[in-house]
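This is a walk through a predicted model. Please keep the sequence and the 3D view open while reading.

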Amino acid sequence: MAKGVWIVAEQRDGVLRKISFELASTARKLADQLGEEVGAVLLGCGLANAAGDLARYGVDKIYLGDNAVFEPYTTDAYAAAVAKLVREKDPSILLLGASTQGKDLSSRLAGRLATGLATDCTEVRIADGKMVALRPIYAGKCYAEVVSTATPQMASLRPNVFPAVEKAGAGEVIAFDAALDPAQLKTKVVEVQKDSSGKVDLTEATIIVAGGRGMGGSEGYAILEELAGILGATVGASRAAVDSGWRAQPDQVGQTGKVVSPNLYIACGISGAIQHLAGMSSSKVIVAINKDSEAPIFAKADYGVVEDLFKVVPELAKECKILLG
Amino acid sequence: MNIIACVKQVPDTEAQIRVKADGSGIDETGIKWVMNAYDEYGVEEALRLKEKCGGEVTIVSLGPARAMESIRTALAMGADKGIHITDPALEGADPYVTASALAAAIKAVPYDIILCGQRAIDDDAGQVGSILAELLDIPQITIITKLEVEGACVRAIRPIEGAQLLIETSLPCLITAQKGLNEPRYASLPGIMKAKKKPVDVKDAAALGVALDKKLQVLRLVPPPARSAGKIIAGDEPAAKAAALAKLLREEAKVI
């Protein structure tokens with residue numbers, strides 16, 4: 001009978017990414033309810049310290065694949081290794097992050113393991129011994145409660161929604177040899193072009209300052225960049241701004257852009273169309289600054305300022321600079 | 001080159017989504033149906049490949065009778081033929097069953113490359129492309145913003161957090177399209193007229209031999225989680241409002 005709540009941890013350059021701790025803590029919570037163990041598959045190269053970090057967040061067994069073949073991530077190498085382990089050990093639940101890597105790997109695994117995968121979940125819980133996942137559909141206009149009819153029951157978790165809670169797990173490290181057949185590895189990463197700006201990706205940002213149609217043009221974003229610099233935030237944009245050519249496509253937040261879940265989202269000159277909300281409704285705190293008091297965004301904002309953003313934002317930057325020293 | 005582009009017909013993004021009282025699904029009355037936006041990028045890229053390398057573009061779609069409209073739209077853009085998989089038994093199919101049906105139809109025809117949208121904007125699942133590639137045992141490059149095919153060599157750009165990857169594989173393979181891959185063309189009037197005569201094979205589940213048991217079951221649909229009501233910051237001057245906001249963010253919300 002399938003037993004064990006597993007995660008596929010995510011790391012880059014030997015350092016665990018934050019989602020890994022969110023996954024581990026969630027797995028620990030589910031495992032405690034089921035009376036089962038938490039397992040983690042950790043793949044990469046040069047992972048000496050990473051395994052210990054997972055134990056702090058509740059992982060009992062770390063299946064470690066430390067090999068050059070796992071750096072960088074490729075669908076084929078990771079899917080082969082995880083599927084092999086899952087078939088051997090038969091966990092009942094398998095969680096991944098809904099990051100770009102997680103989305104690619106979880107969906108391929110769902111196919112290989114012929115099982116149900118709930119993608120981009122905002123909640124998971126145990127009911128009658130099964131995992132019930134809650135996930136947004138129709139751009140978050142409604143949510144679906146779903147279950148897998150097969151094992152492992154799979155879910156990918158939306159980043160920065162689930163808490164990372166320290167709770168010691170047994171932390172036993174089990175090194176394994178994936179023994180991959182090179183003929184199975186059909187894709188190759190030829191080049192990694194790092195984003196030169198050095199700014200944090202929107203999907204990982206703790207604070208986002210976003211501008212929409214109200215910015216009036218690309219020059220308007222200078223004041224947002226200033227505020228973002230003071231707050232340590234990343235600057236985002238609505239579809240209107242991107243389609244007008246004021247900001248680049250990777251900056252777009254929304255249904256056809258990025259889904260973000262920062263602690264703070266400051267929406268400037270953004271009306272709050274449903275397609276934009278689809279991208280930022282998981283934000284913990286939403287601030288709206290817009291001179292139109294009827295803008296739909298105010299219905300979703302925790303704090304609203306009905307005012308000309310070009311007057312408020314520079315003042316807000318000044319105030320934050322003083323507050324943050 | 002034999003090029004396949006998969007399309008799904010979905011509600012227009014402006015559509016009001018009303019959940020049925022029993023939570024079993026959405027009320028479809030009055031919904032405007034369109035080709036999934038991400039699939040449009042797949043169809044456009046397929047057409048560009050055909051223009052560059054020669055060959056044929058086949059559109060494959062799983063959906064009820066109305067989905068034929070989206071197939072005709074793709075044919076009007078310039079695709080050559082279609083396969084419409086339609087069967088009441090496949091209504092409400094989950095990603096695994098959908099991918100199984102597409103795989104069964106695609107296995108029966110020659111193909112070099114398959115283009116899908118990175119996800120459908122109704123269920124937002126983003127799985128069908130990958131599961132399809134797995135069932136066909138071909139490599140995948142998902143969520144790409146640039147594609148280059150030279151002979152059997154395929155290169156694509158895949159944006160990830162903080163970087164862009166240049167990934168290489170070979171035909172046959174599957175890619176899923178991200179916004180920014182291209183600008184889809186509009187169907188011309190002559191294109192629309194020609195599309196009516198282009199051949200579309202209609203297949204049902206039995207003809208394809210698809211197993212119908214779902215791997216993912218929807219228990220019910222619920223409204224989005226409610227946020228507690230917010231407050232509008234009062235103040236005489238922008239500076240006063242800004243100061244009040246900064247203080248609240250620091251002391252009350254504790255986010256800065």
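**How the two chains meet**

The contact between the chains draws on 65 residues from chain B and 76 residues from chain A. On the side of chain B that touches chain A, the elements giving two or more residues are α3 (95-107), α4 (128-136), β7, β9 (153-160), β10 (163-170), β13 (216-222), β14 (231-232) and α7 (238-252) of chain B. The most comes from α7(B), which gives ten residues. By class, this side of chain B has 38 nonpolar, twelve polar and 15 charged residues.

Part of the meeting of the chains is made by strand pairing. Four strands form an open antiparallel sheet, and their order is β13(A)-β10(B)-β9(B)-β8(B). At the edges stand β13 (188-194) of chain A and β8 (146-150) of chain B; each has a single partner strand, so one side of each lacks a neighbour in the sheet. From one strand to the next, the twist in this sheet averages 20 degrees. The pairing across the chains is that of β13(A) with β10(B), antiparallel and joined by six bridges. Within it, Ala163(B) of β10(B) stands opposite Lys194(A).

A second pairing across the chains runs in the parallel sense: two bridges join strand β18 (residues 303-306) of chain A to β14(B). Here Tyr303(A) has Lys231(B) of β14(B) as its bridge partner.

Helix α4(B) is one of the elements that contribute to the side of chain B touching chain A. How enclosed is α4(B) by the rest of the structure? Eight of its nine residues are buried, so α4(B) is largely enclosed. The buried residues are Val128(B), Gly129(B), Ser130(B), Ile131(B), Leu132(B), Ala133(B), Glu134(B) and Leu136(B). Their cover includes α4 (100-112) of chain A, along with α3, β6 (113-117), β7 and β11 of chain B. After α4(B) comes Asp137(B), which has a positive phi near 55 degrees.

**Chain B as a whole**

Chain B holds seven helices and 14 strands. Along the principal axes, its C-alpha atoms fill a box of roughly 70 × 45 × 40 Å. Chain B has 256 residues, of which 46% count as buried. Among its contacts between residues at least 6 apart in sequence, 72% join residues at least 24 apart.

The domain assignment divides chain B into domain 1 (2-208) and domain 2 (230-256). The centres of these two domains of chain B, taken over C-alpha atoms, are separated by 47 Å.

**The parallel sheet and its helices**

Chain B also has an open sheet of seven strands, paired in parallel, with the order β7-β11-β6-β1-β4-β5-β12. Its edge strands are β7 (140-144) and β12 (200-203) of chain B, each of which pairs on one side only. The twist from one strand to the next averages 20 degrees.

At the β7 edge, three bridges hold β7(B) in parallel pairing with strand β11 (residues 173-177) of chain B. Ile141(B) has Ile175(B) in β11(B) as its bridge partner.

Elsewhere on this sheet, helix α2 (residues 68-77) of chain B lies across β1 (2-6), β4 (56-62), β5 (81-85) and β12 of chain B. The helix runs at about 165 degrees to β4(B).

Does the length of helix α1(B) agree or disagree with its residue count? Helix α1 (residues 37-53) of chain B has 17 residues, which at 1.5 Å a residue should span 24 Å; the end C-alpha atoms are 25 Å apart, so the two values agree. The buried residues of α1(B) include Tyr38(B), Tyr41(B), Val43(B), Leu47(B) and Leu49(B). Charged side chains are also on that list, among them Asp39(B), Glu40(B), Glu44(B) and Glu45(B). Just after α1(B), Gly54(B) has a positive phi of about 75 degrees.

**The domains of chain A**

Chain A is assigned domain 1 (5-184) and domain 2 (202-323). Their C-alpha centres lie 32 Å apart. Eight residues from domain 1 of chain A and eleven residues from domain 2 of chain A take part in the contact between them. On the side of domain 1 of chain A that touches domain 2 of chain A, three residues are nonpolar, three polar and two charged.

Methods:
Residues are numbered from 1 along each chain as its sequence is written. Chains are lettered from A and ligands numbered from 1 in the order in which they are written. This is a predicted model: local features need pLDDT of at least 70, side-chain atom pairs count only at pLDDT 80 or more; totals for chains, interfaces and linings use all residues. Two strands pair if DSSP finds at least two bridges between them. Axes are lines fitted to C-alpha atoms, for helices over the stretch in contact, and angles run from 0 to 180 degrees between N-to-C directions. Two residues are in contact if their C-beta atoms, placed from the backbone, lie within 7 Å. The expected span of a helix is 1.5 Å times one less than its number of residues. A residue is buried if 20 or more other C-beta atoms lie within 10 Å of its own, exposed if 12 or fewer, and partly exposed in between; C-beta atoms are placed from the backbone. Domain bounds come from an automatic or database domain assignment.
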